[in-house]
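Open the model in your viewer and keep the selection panel at hand. The stops below say what to select next and what is there.

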Amino acid sequence: MNELSSVDRPNSYIGRSVPRPNAKRLVAGRGQYVDDLRLPRMVHVAFLRSPHAHARILSIDSAAARAAPGVVRVVTGAEMAEVCTPWVGVLHHLKGLKSAPQHALAVDRACWQGEPVVAVVARTRAEAEDAVGLVEVAWGELPATVDMEAALAEGTPVIHPALGDNLAFMREHVGGEPDACFADAESVVVQATFHTGRHTGVCLEGRAILADYNPAEGRLTAYHSNQAPHMMQTVFAKHLGLREGDVRVICRDVGGSYGIKVHVYPDEMATAALSKILGRPVKFSADRMEGMVSDIHARDHRIAARAAVTKDGVITAMEIDDLTGIGPYSVYPRTSAVEGNQVVNLCGGPYALRGYKARTTVVFQNKTPTCQYRAVGHPIATTVTEGLVDLAAEAIGMDPAELRRRNLLADDVYPFKNHANLSFEGLSHQACLTKLLAMMDYEALKAERDALRAKGVYRGIGIASFIELTNPSPFMYGIGGARISAMDGATVRLDPDGSVAIASGVTEQGQGTEAMLAQIVAGAVGVDIARVRVTTGDTETTPYGGGTWASRGAGIGGEAALQAGHALREQILVIAGAMLQAAPEALDVRGGAVVDRATGAERLPLEELGRIVYFRGDTLPKDLPRELVATRHYTPKDYPFAFTNGAQASYLEVDVETGFVTLLKHWCVEDCGTVINPMLVDEQIRGGVVQGLGGALLEHCVYSPEGQLLSGSLADYLLPMSGEMPDIQVAHVETPTKESALGAKGAGEAGTAGAPAAVQNAINDALRPFGARVFAQPFTPARILTALGKI
Amino acid sequence: MKPAPFAYARATTLAEVFDLLETHGDSARLLAGGQSLVAALNLRLASPSVLLDINGVAALRGISFADGRLRIGALTRHAELGADPLVAQHAPLLAQAVPHIAHAAIRNRGTIGGSLALADPAAELPACILALEAVLVLASREGERRVAARDFFQGLYQTALRGDEVLAAVEIASQADVPCTLQELARRHGDYAIVGLAAQSARGALRLAWFGVGATPLRTPRAEAALAAGDVAGAQAALAGELDPPEDLHGPPALRLHLARVLLGRAAAALKGH
Amino acid sequence: MKLDLSLTVNGEAISARVEPRMHLVDFLREVLDLTGSHAGCEHGVCGACSILVNGEMVRGCLMLAVQAEGAEVWTVEGLTESGAIAALQEAFVARNALQCGYCTPGMLVAAATLLKANPSPTREEIREGISGNYCRCTGYHAIVDAIEEVSRA
Ligand SMILES: Cc1cc2nc3c(=O)[nH]c(=O)nc-3n(C[C@H](O)[C@H](O)[C@H](O)COP(=O)(O)OP(=O)(O)OC[C@H]3O[C@@H](n4cnc5c(N)ncnc54)[C@H](O)[C@@H]3O)c2cc1C
Ligand code: FES
Ligand code: FES
């Protein structure tokens, strides 16, 4: 770790499993989630949502609702449109992406079951719901476009006639010479069609916002369960006709996010607008049932894919045809084309392919809108890629681990530009695979599997290598015209008591952002971590920034904090030098005191330095700078994204009589560069793995042909529970990015990226004696029994 | 979601319950453990105008054994049922079923009476009652009437309970030392079963009661006869004619039929090994 | 129509008037400002609302406040102040057995209930014991570790 010299200081916390400072508050039930907050004159909103997938709003009669007890106001789409302007979810760099204007409340037509149509504001949520039941809407049902396969077919109703068709976006990419590879007579071609079931995030805390517009000041304060306060500040200002400076967004504790709480939701926009209309605080707390039809969904893809492999084990080419249905609107402002775009970018990613051809077709349909959810596109691309690799191994009779070893990018080829034009600064596929196989004792596990198979017990081993995109630069959203900051800042300040305060633009939803920032700054300045406190999630008091998403908190926010911490230390040393009549270079800050750099002997406690600077500045030289606060910003410049990589494995048992899968064990080795806090990184991985396992085995947004969500409660949308989840062993390889002094890349999504592929491959390994295979997630008993020919 | 408004009344005697039922008629609902009803209220799937809380009615509590019959009061919580020594001795099938019902917190509140009165076709206890050939004691102002389990479950969430009646207890002839087994397949711990089977041996005969395969828990007499004769394959084959399972999110009817056959095989092995 | 309600919450005698339709978690959160207990689904599935009523773990969303007449209710706030779950809380923090923390108050109640009934559970028994409580963040492994740690202490 010699590259780490600038962070590896005497009292560095980098690499140490420090507990999170905010966890103590949360275990005591002292969190402050939006729904916990209450303001004077606060009222509650409930929404009448469309019961139909597609219907014209012929008329709305709200007289009875307006007269109901406790009701403050009933607002329809037409009235809302006067206060809140519509938005269109497109980005310029996603060429050809189109979408229709979307309103906070549907104006004359509802386009999915669950779209908000009428807002009722009342003294209590219960009264608001009572009155929603009294609103009478005359609906004119329209034919719904539900099946994405038929979305572009002749005769399928076009959801937005002004757009001409139901095609939102299409992208094709060809790298190298795929056709020649597939035509090669010496190669074997394997193929399969994969389905990744539609999922949703199900944050245990539903989406929530408490909007407080103060007419006297003309200012809106929004307490928001959200990952990107500055982005929301811009959006509220733009669509409510306010100046950005007159909007303050505060994100305190957030009860889970995973990418769900980083989008613009019509009901949340409507709540902010209602506060402006009423001039009083309005709270919206999505209940679970409305969350299931209005939180973004994701991963509704069908991918036809094939790969060419030479008989001696060189994977030469892959071809991917991806189709995805995104609901009736591309979600604002990140758009719903990013996931399909990622599938094109990421397939085959761990390998050096000679030929690559990929296409994504993104279509509109009358279902809940989809958008970016944890590991955007990665689980899909990994499932396809690693599914093909296992098919290739089987086709040429090679051990799947061996085929990977032969084809994964070598650890010394970097920098490397791949078949999808992705630039890799430095990855460690081979090292990760080697470590994974050792950790799981691959050979022993295979022997166990084989021995049990002879006894009629069907176990399978599945491996998946993957790449993960982290630390996005402006190339992700900014170049497309979205005001989503790729830069983040940190302000670090020494107070007179010798404590250090950090304010950062990245946000905390439980990942450990605040712990990570405290660790970095404590080390950079030279104080005990207990003397550091962190503020995040407030547009008024933190430097402008992007928030936490796309695994950017540590890599970008952490680097800004590191630089700011260093700057504060320099400031301290200059002042201390003057006070101690010493050269600043001869001093250092360690353990909360200025020390002699060479001997470590304590010269001046920071509280004494603080006392003099703040209260007895008269004793200091007149021209001495007295700043004890520094702000630094960071944005990645050399690479559009910092790619990370890893490998996962799943060991499981399939009951071939019932089709039930029992997960026995899961392993993940991943490389996120510098590991700041091993415990926090491991738990990010584990949590991510289980979200991936949920998608692979249990979770599914199932729709009726009419576009009704059938799995719309937690009794039907099955989340992973503790009883069925395995223990997960995690290990790391560290290849720090050289772009930053910290060297950290992201780790938040790696678990989710690889887990479904590992499970798919393990199930197919278990089923191999029967010649049965499954490629449609979730891998339910019904699908496994069908593959086995038993039903 | 929050429930629609309703009035609430607490009863401590059966007489009070009957009074309240008479006054409020169909717009009233009895509240026992609330583990199904309160969820339905929160979802506004049910909106009675009055809830009659029967949790304080002592006459509906208690487990006793007399004259070869076990009597289980309707307010017996699932957790009590699972821990009761009389139940373990005389109706071990019920004790076996309890760990499969939901989770600890729900078992602490949910009652056998609520489960039977609700008659969820995927629930364990209604099928057990059927396999045990229990008798349900229905109380009204006119007195008690006894209904055999097979006559109690009449359709999807439909039972023989009349609007003026309360399910007071179930009575079960002792099954001490008679083999029984409960088999079920659920996706996760505590989930309602995709398919389940409550099997109770009885003097040379065998009673198979299925849950999750139809509108009500059901018996399969032909499979019972085949299995009693030791013909497992014949019993499995008979199921095709006796079960007509629905399609739902878990899969097509063929899934349930197949799983039922598997469970039958497992039940046969379990009973044999008893 | 509101009804009178008297009960003990976290050792404190409480009298209030509540609408019958208000469930117990809403009562704790909205009327008593005890916001530590959470409502993650309000249909009995997620366990975020788990609290103790007369010593037993229940789903706070599936019990009406009026049903708690005369009852003794304990929530995470009271259990914290009494020290009843201190060891678990310490282990959860040390092991990072929480991320967003939304599930944690309910999870702690489930863990305490499990350990009371079974002081030295296996990992499988721990997994089963907390299986009625969703955690969407952690993947459960760290929670199982933390409970196991306390059971061994
Ligand atoms: C997440 C979850 C998972 C569950 N999983 C399972 C499971 O796997 N298996 C299972 O069997 N159950 C399951 N349940 C349901 C649980 O067992 C319920 O407790 C039970 O079904 C109803 O019992 P209760 O006492 O709670 O009745 P309540 O909810 O109070 O009442 C249910 C119905 O019965 C009526 N009723 C109640 N008592 C009487 C009576 N004495 N006379 C006449 N009518 C009466 C009520 O009016 C109401 O209509 C689950 C519940 C939840 C929330
Ligand atoms: S809120 Fe009670 S179980 Fe989810
Ligand atoms: S810590 Fe977020 S749900 Fe458990």
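**Tour of the complex**

Over all chains, the structure holds 84 salt bridges, a salt bridge being a side-chain nitrogen of Lys or Arg within 4 Å of a carboxyl oxygen of Asp or Glu. This is a predicted model, in which local features need pLDDT of at least 70 and side-chain atom pairs count only at pLDDT 80 or more, while totals for chains, interfaces and linings use all residues. Residues are numbered from 1 along each chain as its sequence is written, chains are lettered from A and ligands numbered from 1 in the order in which they are written, and side-chain values use heavy atoms, with hydrogens and water left out.

The predictor gives the complex an ipTM of 0.98 and a pTM of 0.97. Color chain C by pLDDT, the predictor's confidence in each residue from 0 to 100: the mean for chain C is 98, and 100% of its residues reach 70 or more.

**Stop 1: Asp35 of chain A**

Select Asp35(A) and Lys283(A), which form a salt bridge with their closest N and O atoms 3.4 Å apart. Lys283(A) lies in strand E13 (residues 282-285) of chain A and Asp35(A) in the loop between helix H1 (23-27) and strand E1 (43-49), so the pair ties together parts that are 248 residues apart in sequence. Helices (H or I, at least four residues) and strands (E, at least two) are DSSP runs, numbered from the N terminus. Now add Arg29(C): Asp35(A) forms a salt bridge with this residue too, the closest N and O atoms being 3.1 Å apart.

**Stop 2: chain A against chain C**

How many salt bridges are there between chain A and chain C? The count is nine. Across this interface there are also 30 residue pairs in polar contact, both residues at pLDDT 80 or more. A polar contact is a pair of N or O atoms within 3.5 Å; within protein, one must be able to donate a hydrogen and the other to accept it, and residues adjacent in sequence count only if both atoms are side-chain atoms.

On the side of chain A that touches chain C, select H17(A), which supplies the largest share, eight residues. H17 spans residues 678-697, and the elements that each supply at least two residues also include H4 (125-132) and strand E30 (727-732).

Widen the selection to the whole interface: 52 residues of chain A are in contact (heavy atoms within 4.5 Å) with 46 residues of chain C. The two chains bury about 4000 Å² between them, 53% of it on carbon and sulfur atoms; buried area is the accessible area (1.4 Å probe) that two parts lose on being put together, summed over both. In chain A, Val27(A), Leu204(A) and Ser722(A) lose the most area to chain C, together 19% of what that side buries.

**Stop 3: chain B against chain A**

Move to the contact that takes 25 residues from chain B and 28 from chain A. About 2100 Å² is buried there, 65% of it on carbon and sulfur atoms. Select Arg187(B), Arg188(B) and Leu249(B), which lose the most area on the chain B side, together 35% of what that side buries.

Four salt bridges cross this interface. One to display joins the side chains of Asp130(A) and Arg44(B), at 2.7 Å, N to O. Helix H12 (residues 253-272) of chain B gives the largest share of its side, six residues.

**Stop 4: a strand in chain A**

Finish on strand E2 (residues 55-61) of chain A, which pairs with strand E4 (residues 109-110) in the antiparallel sense over two bridges. Strands pair if DSSP finds at least two bridges between them. Ala55(A) stands opposite Ala110(A) in E4(A). E2(A) also pairs with strand E6 (residues 136-141), again antiparallel, over six bridges. There, Asp61(A) has Glu136(A) as its bridge partner.
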